[in-house]
Amino acid sequence: MNNNKKLMIETLQEIDNYLPKVMHAVQSMVSYFQGGNEQQAIEVFGPFTEAMQWLLDAITLTKSMQEEYDIHVSTQELEDVLPQLLEGWENSDYILISDILEYE
């Protein structure tokens with residue numbers, strides 16, 4: 001197995017390991033925002049956005065392997081929702097952020 005293929009397999013495994021952590025962060029932020037604990041949610045939001053960027057990069061990096069093994073991982077929904085999250089962040093609209101995280 002060549003190094004590129006090995007790297008893609010490892011990256012796919014990391015995505016699989018990483019997703020439960022991301023989902024936990026989403027649930028935590030929603031709970032914090034809805035509970036009026038904006039400061040705690042804000043502390044999680046920064047690392048969360050970095051995690052989302054890593055996931056997008058990782059999915060893009062492994063696209064050829066996904067096609068080879070008939071795995072379909074779409075980034076479209078995530079790409080659609082990120083600008084909305086950033087808009088909510090820029091406007092300190094924590095209700096919007098919470099709603100997006102909870103329902104999107």
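**Notes on a five-helix chain**

1. Confidence comes up front: the chain has an average pLDDT of 88, and 99% of the residues score at least 70. (pLDDT is the predictor's confidence in each residue, from 0 to 100.) This is a predicted model, so local features are given only at pLDDT of at least 70 and side-chain atom pairs only at pLDDT 80 or more, while totals for chains, interfaces and linings use all residues. Residues are numbered from 1 along each chain as its sequence is written, and side-chain values use heavy atoms, with hydrogens and water left out.

2. Next, the overall layout. The chain has five helices and zero strands, in the order α-α-α-α-α from the N terminus. (Helices are DSSP runs of H or I with at least four residues, strands are runs of E with at least two, and numbering starts at the N terminus.) Along the principal axes, the C-alpha atoms fill a box of roughly 50 × 20 × 20 Å.

3. Where is the mean pLDDT lowest among the elements? Helix α3 (residues 63-68) has the lowest value, 79, and α5 has the highest, 92. As a reading rule, predicted coordinates should not be read in detail where pLDDT is low.

4. Have a look at how α1 and α2 pack. Their axes come within 9 Å and cross at roughly 155 degrees (axes are lines fitted to C-alpha atoms, for helices over the stretch in contact, with angles from 0 to 180 degrees between N-to-C directions). The two helices are therefore roughly antiparallel; that label is for angles over 145 degrees, with under 35 counting as roughly parallel, 65 to 115 as roughly perpendicular and the rest as oblique. Their crossing is left-handed, meaning the near helix is turned anticlockwise from the far one by less than a right angle (clockwise would be right-handed). The contact of α1 with α2 has 21 nonpolar, two polar and two charged residues. (Nonpolar covers Ala, Val, Leu, Ile, Met, Phe, Trp, Tyr, Cys and Pro; charged covers Asp, Glu, Lys and Arg; the others, Gly among them, are polar.)

5. Then there's α2 with α4: the axes come within 12 Å and cross at roughly 155 degrees. That makes α2 roughly antiparallel to α4, and the crossing is left-handed.

6. How many aromatic pairs does the whole structure hold? A search finds four. (Rings of Phe, Tyr and Trp, the last by its six-membered ring, pair if their centres lie within 6.5 Å; planes under 30 degrees apart are stacked, over 60 edge-to-face and the rest tilted.) One of the pairs is F33 with Y94, which is stacked because the ring centres are 5.2 Å apart and the planes are at 15 degrees. F33 sits in α1 (residues 3-34) and Y94 in α5 (residues 94-103), so the pair ties together parts 61 residues apart in sequence. F33 is buried at 7% relative accessibility, whereas Y94 is partly exposed at 22%. (Buried is under 20% relative accessible area, exposed over 50%, partly exposed in between, using a 1.4 Å probe and protein chains only.)

7. F45 and W89 are another stacked pair, with ring centres 4.4 Å apart and planes at 10 degrees. F45 lies in α2 (residues 38-61) and W89 in α4 (residues 76-90), so this pair ties together parts 44 residues apart in sequence. F45 is buried at 2% relative accessibility, while W89 is partly exposed at 32%. F45, F48 and W89 form one aromatic cluster.

8. One backbone detail: S92, in the loop between α4 and α5, has a phi near 50 degrees, a positive value in a residue other than glycine. S92 is partly exposed at 44% relative accessibility.
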